[in-house]
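Here is a short guided walk through one protein model, meant to be read with the structure open beside you. Take it at your own pace and find each part as it comes up.

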Amino acid sequence: MCAAIRRITPRFESDIMYHNNDINNIEIGYRHFDILHRFENEVSKSPSDQGFYTSKGRFVDRKEATVIAMAAGQIKNTYYGSKSHMKAYKDGELLVGTLSREDKQNYYVDFGRASGILPKKDIIPGEELEMGSQVKVYVVKIQEAQKGGPVILLSRTHYGFVKRLLEREIPELTEGIVILYSVAREAGIRSKIAVYSEDEKIDAVGACIGEKGIRINNISKELNGEKIDVVKYDKDLVTFIKNALSPAKEVEVYILDPKDSQAVAVAEGENLSLAIGKKGQNVKLAAKLTKCRIDVKTPSQIQEEGINIYKYYEA
């Protein structure tokens, strides 16, 4: 049967040979789905028991044509069936699947009725994943592939992965008691999250950390030991930036340009080092968290650069 398809449609040959000449393998012909579909239509319209001529004048034996039509129908049902299954999955959600296989660039995660691709560049630095184990992943995007049905693209480094883990671990977030304002992340190293509550009696930061740090520690374990700073969001940008620069304390913040979201933080001694962080990590994450460009300087640098901080406001 497979030889029949090769004689009629030589363009399929590489695909068919790759799949070990198994015509029942539903993957064959995906790349040429439109051609197979036309064959299916021609076979169904043909009144002859002996066969028919194609639009290019090639005679197709009835038995051979029937094989192609059956393959086309099978592929069509599977193709549209896979698209229907994909409606159960959405961008930005957290899924739990099983690591089924891997190649040089990707891991492949099985979800039962569908599978996804987890690029190795999108796993947390330093973590080791074992085949057959369950893994939590974040759906970055569901997109159409050139060959086959829709593809689920996954990540464990996306900042959205932290958001979904927080919602899974902290019921106050899903209940709306605590609100997650923003997340900034450097995967495998540190994340900062800003939270608040519209109820002044609620300790939003404490709710996320949990008793003895149990909630935030559970999330950190899932992130391969990644540190997580939980800070309080404040509508006042100066206060918010101060909170975001923690663990630094005694930091003065001045908004240089409100429209351009530009600020300068003034600190010295140990607080200067803490505000900047290792390789500038702390101030970079604080900038992402507050959506504000932040420069950290010493009082002497402010004076040397002639920055008149008195014309700006500070909390």
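In what order do the 3 strands of the open sheet with β8 lie? The order is β8-β9-β10, and the pairing is mixed. Its edge strands are β8 and β10 (227–232), each of which pairs on one side only. From one strand to the next, the twist averages 20 degrees. Please keep in mind that this is a predicted model.

**The sheet of β8, β9 and β10**

Let us begin with the pairing inside this sheet. Strand β8 (residues 179–186) and strand β9 (residues 190–196) run antiparallel and are joined by 7 bridges. One pair to look for is Glu186, whose bridge partner in β9 is Arg190. Helix α11 packs on this sheet and touches β8, β9 and β10, its direction making about 145 degrees with that of β8. Helix α9 also lies across β8, β9 and β10, and runs at about 155 degrees to β10.

Strand β8 also holds Arg185. Is Arg185 buried or exposed? Arg185 has a relative accessible area of 9%, and since buried means under 20%, Arg185 counts as buried. Its side chain has polar partners: the side chain of Arg185 reaches the backbone oxygen of Thr157 at 3.0 Å. The Arg185 side chain also makes a polar contact with the side chain of Glu226, again listed at 3.0 Å.

**The second sheet and the helix on it**

Another open sheet has 3 strands in the order β11-β12-β13, with mixed pairing. Here the edge strands are β11 (252–257) and β13 (293–297), and each pairs on one side only. The twist of this sheet averages 25 degrees from one strand to the next. Between β11 and strand β12 (residues 262–266), which run antiparallel, there are 5 bridges. Within that pairing, Ile255 has Ala263 of β12 as its bridge partner. Helix α9 packs on this sheet, touching β11, β12 and β13, and its direction makes about 125 degrees with that of β11.

**Where α9 meets α11**

Two packed helices are described by the angle between their axes and the distance between the axes. For α9 and helix α11 (residues 281–290), the angle is about 145 degrees and the axes are 9 Å apart. This crossing is right-handed. On the α9 side, Leu237, Phe240, Ile241 and Ala244 make the contact, and on the α11 side Ala286, Leu289 and Thr290 do so. By class, the contact has 6 nonpolar residues, 1 polar residue and no charged ones.

Ala244 deserves a stop of its own. Ala244 belongs to helix α9 (residues 237–244) and is buried, with a relative accessible area of 0%. Leaving aside residues up to four places away in sequence, Ala244 touches Lys192, Val231, Ala286, Leu289 and Thr290. Ala244 and Ile193 are 51 residues apart in sequence, and their C-alpha atoms are 8.7 Å apart in space.

**Loops with notable backbone angles**

Next come the loops. A cis peptide bond joins Ser246 and Pro247, with omega about 20 degrees, and Pro247 lies in the loop between α9 and β11. The table sets out two loop residues that are not glycine and have a positive phi.

| Residue | Loop | Phi | Relative accessible area |
|---|---|---|---|
| Glu250 | between α9 and β11 | near 50 degrees | 73% |
| Lys291 | between α11 and β13 | about 60 degrees | 54% |

Why do Glu250, at 73%, and Lys291, at 54%, count as exposed? Exposed means over 50% relative accessible area, so Glu250 at 73% and Lys291 at 54% are both exposed.

**The hairpin of β4 and β5**

One further pairing is worth a visit. Strand β4 (residues 106–110) and strand β5 (residues 115–119) run antiparallel, joined by 5 bridges. In this pairing, Tyr107 stands opposite Leu118 in β5. The hairpin has 4 residues between the strands, and Gly112 takes a positive phi near 100 degrees there. Strand β5 is also joined by 2 bridges to strand β7 (residues 150–155), and these two run parallel. Gly116 has Ile152 as its bridge partner in β7.

Technical notes. Residues numbered from 1 in each chain as written. Predicted model: local features only at pLDDT ≥ 70, side-chain atom pairs only at ≥ 80, totals over all residues. Heavy atoms only, no water. Buried < 20%, exposed > 50% of the residue type's maximum accessible area, 1.4 Å probe, protein only. Contact = heavy atoms within 4.5 Å. Pairing = 2+ DSSP bridges. Axes fitted to C-alpha atoms, helices over the stretch in contact; angles between N-to-C directions. Left-handed = near helix turned anticlockwise from the far one by under 90°. Nonpolar A, V, L, I, M, F, W, Y, C, P; charged D, E, K, R; others polar. Polar contact = N/O pair within 3.5 Å; in protein donor to acceptor, adjacent residues only side chain to side chain.
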